[in-house]
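Colleague: Got a minute to walk me through the voids and packing in this one? I'd like to go pocket by pocket.

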Amino acid sequence: MNTTKKLAGFLGGAILLTSCQSNDLADSTMKLWYEQPAAEWMESLPVGNGRLGVMVYGGVEEETLALNESTLWSGQYDPNQQRPFGREKLDAVRQLFFEGKLAEGNNVAGGQMNGSPHSAGTHLPMGDLKIRFTYPAGEVSNYERELDLNTAVSKVTYQVGNVSYTRECIATNPDEVVVWDMKASKPGSINMEISLDLLRNAEVFAEGEQLVYTGNAEFDKHGSGGVLFDGRVAVKLNGGTLTAGEKTLQIKDATRVTLVTDIRTNYKSTTFGGYAFKNKCKETVETALMSDFETLRKRHVDDYAPLFKRVNLSLGNGGKNNIPTNRRWKEVKEGATDPGLDALFFQYARYLLIASSRPDSPLPVALQGFFNDNLACHMGWTNDYHLDINTQQNYWIANVGNLPECNLPLFGYIKDLSHHGAKTAHDLYGCKGWTVHTTSNPWGYTAVSGSILWGLFPTASSWIASHLWTQYEYTQDKTYLAEVAYPLLKSNAEFLLDYMVVNPNNGYLMTGPSISPENSFRYEGNEQCASMMPTCDRVLAHEIFSYCLQATQILGVDQSFGDSLQTALDKLPPFYISDRNGGLQEWFEDYEEAHPNHRHTTHLLALYPYAQITPDKTPELATACRKTIENRLATPDWEDTEWSRANMICFYARLRDTNEAYASVQQLMRTLTRENLLSISPAGIAGAPYDIFIFDGNAAGAAGIAEMLVQSHDGIIEFLPCLPQEWKDGSYEGISVRGGGEVSAQWKNGKLITASLKATTDNTFSIKLPETSGKYNVLVNGKKMDADPDNNRLITLSLQANDLLEIK
């Protein structure tokens with residue numbers, strides 16, 4: 001099918017744009033591709049190297065590259081972020097809660113425990129690199145643009161008259177720059193003007209054959225302060241001439257043009273008076289210019305591709321790979337199913353994490369990562385670190401998606417938080433150890449937010465710290481456990497042990513006052529948010545205590561500390577089922593929900609990502625979790641966001657409800673993604689007047705898809721635990737499981753044909769075989785094993801690293 005349309009706004013309207021189907025694109029399942037340029041940010045395509053990122057629009061008349069850098073933050077360190085409160089006041093306010101004086105207790109907490117985020121700041125976009133082209137009059141034909149997930153290369157191809165143009169854009173981690181390359185089939189056919197349309201306060205000037213911009217990231221909307229930055233755009237020509245204007249570069253009659261760009265900030269820069277970043281920017285760009293594009297591209301692909309190709313997934317494509325991505329997306333919005341698009345969405349999340357979080361990334365993924373649409377930063381909630389689910393969800397795909405090294409920037413950030421959080425633990429609670437609350441930034445903000453309604457959540461520290469243990473569960477790396485994870489987990493456990501108190505009314509060890517983010521309840525006719533031991537705190541304290549107890553045993557250290565952890569675990573209250581609605585109680589007391597349509601369900605952490613509640617071990621509580629989910633979804637105006645819908649995929653996968661899990665996959669794709677498959681917080685939620693890209697829906701949605709395909713959370717590996725009919729034929733390779741293994745599976749008509757487990761470390765693995773009328777053969781390294789399953793269809797085998805267990 002061919003289409004012809006006027007290229008809007010082109011000089012004199014003399015060029016016509018036609019598009020046609022691409023055979024090579026049709027052959028690939030791991031490409032996002034389109035037959036027209038992006039008309040807006042939500043149609044552009046992201047490339048990133050872990051620090052730098054651009055959104056590529058692919059325009060013919062004018063190319064736009066939206067520039068981003070991960071440390072481009074406003075704000076600054078604030079030593080007075082948390083007003084002092086202390087142990088004596090904490091004991092006094094707790095007494096109010098123990099006496100049932102919740103209104104008075106909330107008044108005290110709300111007026112004295114909230115923080116003072118004077119200079120919290122936000123991540124900011126830099127602005128746009130603009131490339132305006134001049135062509136001879138003629139027809140533009142055969143236009144296509146794509147993002148190849150296998151190579152992380154954005155590509156645009158088209159013809160003007162009898163000249164073919166090819167443009168590629170990469171963000172290379174080895175060379176630390178973004179590179180944009182354009183070539184023409186006919187010599188001397190490239191004419192362009194390069195300029196900058198920046199959103200920041202900057203001075204722009206030409207310096208030789210480079211555009212340079214330097215300025216600051218001050219942004220008054222979220223307080224004072226901001227990094228200094230320096231950016232460069234350098235040019236390499238094949239043929240033609242370059243003329244520098246005051247703030248532009250003009251290129252005439254070139255056959256090939258390569259642009260190299262970098263941005264550096266003074267974030268944590270102390271050398272040479274904090275201005276070494278300027279020299280670093282210049283050196284990085286000029287070093288990259290010494291290599292041709294093919295060399296830079298090869299280094300980039302050689303670095304990126306081995307990470308991405310660790311996992312393969314096929315869910316059946318239905319012959320739709322030859323349909324442009326935006327049309328497939330639209331068909332799904334209109335009610336169609338597209339298993340191939342589901343698989344592409346899963347792999348796209350892995351791609352986004354690689355693009356955003358590499359071992360050398362200076363910061364972890366923020367609310368939008370660094371693909372900043374200039375919308376979230378204008379909201380009250382900003383493009384910051386939300387530690388009451390969003391930052392955690394950003395990394396849910398890392399381990400199961402076989403990208404453990406992508407966690408390293410998060411772990412570095414947690415270590416930094418622990419340093420600042422020790423001061424908050426002391427000043428606010430009079431406790432040792434470290435804590436952090438709901439919102440944070442790169443400047444060490446660990447205090448309560450401006451309101452306790454969303455901010456009084458000290459176990460946010462435990463939630464984000466739990467990722468340290470997850471890394472160990474998947475890798476079984478004892479050196480990492482001893483040197484990285486355990487010291488941070490132990491210090492957080494020390495905070496909890498010092499912070500928690502025995503309730504004199506029932507003898508349970510409790511947190512509080514604290515909140516169930518970001519929800520509230522009704523008590524004696526009034527809406528309140530703070531209470532003693534909301535269920536989420538119980539879940540998170542149990543996790544941290546359990547991790548540290550296991551670590552003491554694995555590492556053979558701190559036996560007395562381990563004993564104190566066991567004592568604390570024994571004093572935690574149980575879970576309760578609400579008499580009001582039959583769901584899992586969100587608070588220790590059975591309060592009436594003030595907002596039953598609320599998007600947050602933090603008490604269900606016990607179901608996912610943790611395993612304190614499972615259908616097999618705690619069936620009544622699992623049923624209560626299901627009831628909670630059903631109540632929320634059935635409430636009018638339920639706040640259906642990208643991250644809360646991704647939660648539903650994960651929850652239903654754990655409950656092994658294939659229909660509802662897949663319905664949530666569809667809902668996420670239909671209403672909570674856009675044309676470029678980026679997930680959105682939709683207009684009308686959290687005060688937003690427009691759709692805003694948020695990273696977590698992509699990452700957590702993909703984690704939910706993985707959970708439908710394999711589970712390992714309760715010490716048992718189960719293949720295809722929640723396989724919907726829509727994915728009846730398929731296969732995967734390389735998905736990671738807890739215990740140190742990578743699994744693969746192939747199935748037909750919903751029946752497992754073959755499965756395998758490759759051990760990445762010495763360990764004992766338990767595998768649940770599918771129900772079947774026949775018998776599976778079990779082989780280890782090609783040798784058939786006598787491994788008859790027990791009454792629960794379980795087989796247990798000890799494997800050494802690199803052993804291959806096969807089930808046929």
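Modeller: Sure, and keep in mind that this is a predicted model. Let's begin with the second largest cavity, whose lining includes Ile389, Trp396, Trp463, His600 and Thr601. Thr602, Leu605, Tyr608, Trp643, Asn647 and Phe651 are also part of that lining.

Colleague: How do the residues of that lining divide into nonpolar, polar and charged?

Modeller: Trp396, Trp463 and Trp643 are among the lining residues of the second largest cavity, and Trp counts as nonpolar. His600 and Asn647 line it too. By class, the lining comes to seven nonpolar, four polar and no charged.

Colleague: Which helix gives the most to the lining of the second largest cavity?

Modeller: The space in there is about 60 Å³. Three of the lining residues come from one helix, covering residues 642-654. Trp643, Asn647 and Phe651 are in the lining, and the helix is H17.

Colleague: And how much space lies in the largest cavity?

Modeller: The count is eight cavities of 30 Å³ or more. For the largest cavity, the space comes to about 120 Å³.

Colleague: Which residues lining the largest cavity are the closest to its centre?

Modeller: The lining of the largest cavity has four nonpolar, seven polar and five charged residues. Helix H16 (residues 619-634) gives the most to it, with three residues. Of the 16 lining residues, the closest to the centre are Ser578, Asn581, Leu584, Glu586 and Glu593.

Colleague: On to the open sites. Which element gives the most to the lining of the largest pocket?

Modeller: That pocket has a volume of about 910 Å³. Of its 40 lining residues, Trp469, Glu473, Ser712, His713 and Arg738 are the closest to the centre. Helix H9 (396-400), helix H12 (460-475), helix H14 (535-555) and strand E35 (763-768) each give two or more residues. With eight residues, the one that gives the most is H12.

Colleague: How many charged residues does the lining of the largest pocket have?

Modeller: Glu473 and Arg738 are among the residues closest to the centre, and Glu and Arg count as charged. The lining also has 16 nonpolar and 17 polar residues. For charged residues, the number is seven.

Colleague: What is the volume of the second largest pocket?

Modeller: Its lining is made of 31 residues, with Gly380, Trp381, Asp384, His386 and Thr439 nearest the centre. Strand E22 (439-440) and H17 each supply at least two of the lining residues. By class there are ten nonpolar, 15 polar and six charged residues. The volume is about 600 Å³.

Colleague: Now packing: are H7 and H18 roughly parallel or roughly perpendicular to each other?

Modeller: Helix H7 (residues 339-356) and helix H18 (residues 658-671) have axes 11 Å apart and an angle of about 75°. Angles of 65 to 115 degrees fall in one class, so H7 and H18 are roughly perpendicular.

Colleague: Which residues in H7 meet H18?

Modeller: By class, the contact has six nonpolar, one polar and one charged residues. On the H18 side are Tyr662, Val665, Gln666, Leu668 and Met669. The H7 residues that meet them are Leu341, Asp342 and Phe345.

Colleague: Last one: is Ser564 buried, partly exposed or exposed?

Modeller: Ser564 is in helix H15 (residues 559-570). Buried needs under 20% relative accessible area and exposed needs over 50%. The value for Ser564 is 29%, so Ser564 is partly exposed.

Key. Residues are numbered from 1 along each chain as its sequence is written. This is a predicted model: local features need pLDDT of at least 70, side-chain atom pairs count only at pLDDT 80 or more; totals for chains, interfaces and linings use all residues. Side-chain values use heavy atoms; hydrogens and water are left out. Axes are lines fitted to C-alpha atoms, for helices over the stretch in contact, and angles run from 0 to 180 degrees between N-to-C directions. Helices (H or I, at least four residues) and strands (E, at least two) are DSSP runs, numbered from the N terminus. Angles under 35 degrees count as roughly parallel, over 145 as roughly antiparallel, 65 to 115 as roughly perpendicular and the rest as oblique. Contact means heavy atoms within 4.5 Å. On a 1 Å grid over the protein atoms alone, a cavity is a set of points where a 1.4 Å probe fits but cannot get out, and a pocket is an open set with protein on both sides within 12 Å along at least five of seven lines; lining residues have an atom within 4 Å of a point. Grid points are joined across faces, edges and corners, and a volume is the space filled by probe spheres set on the points. Buried means under 20% relative accessible area, exposed over 50%, partly exposed in between (1.4 Å probe, protein chains only).
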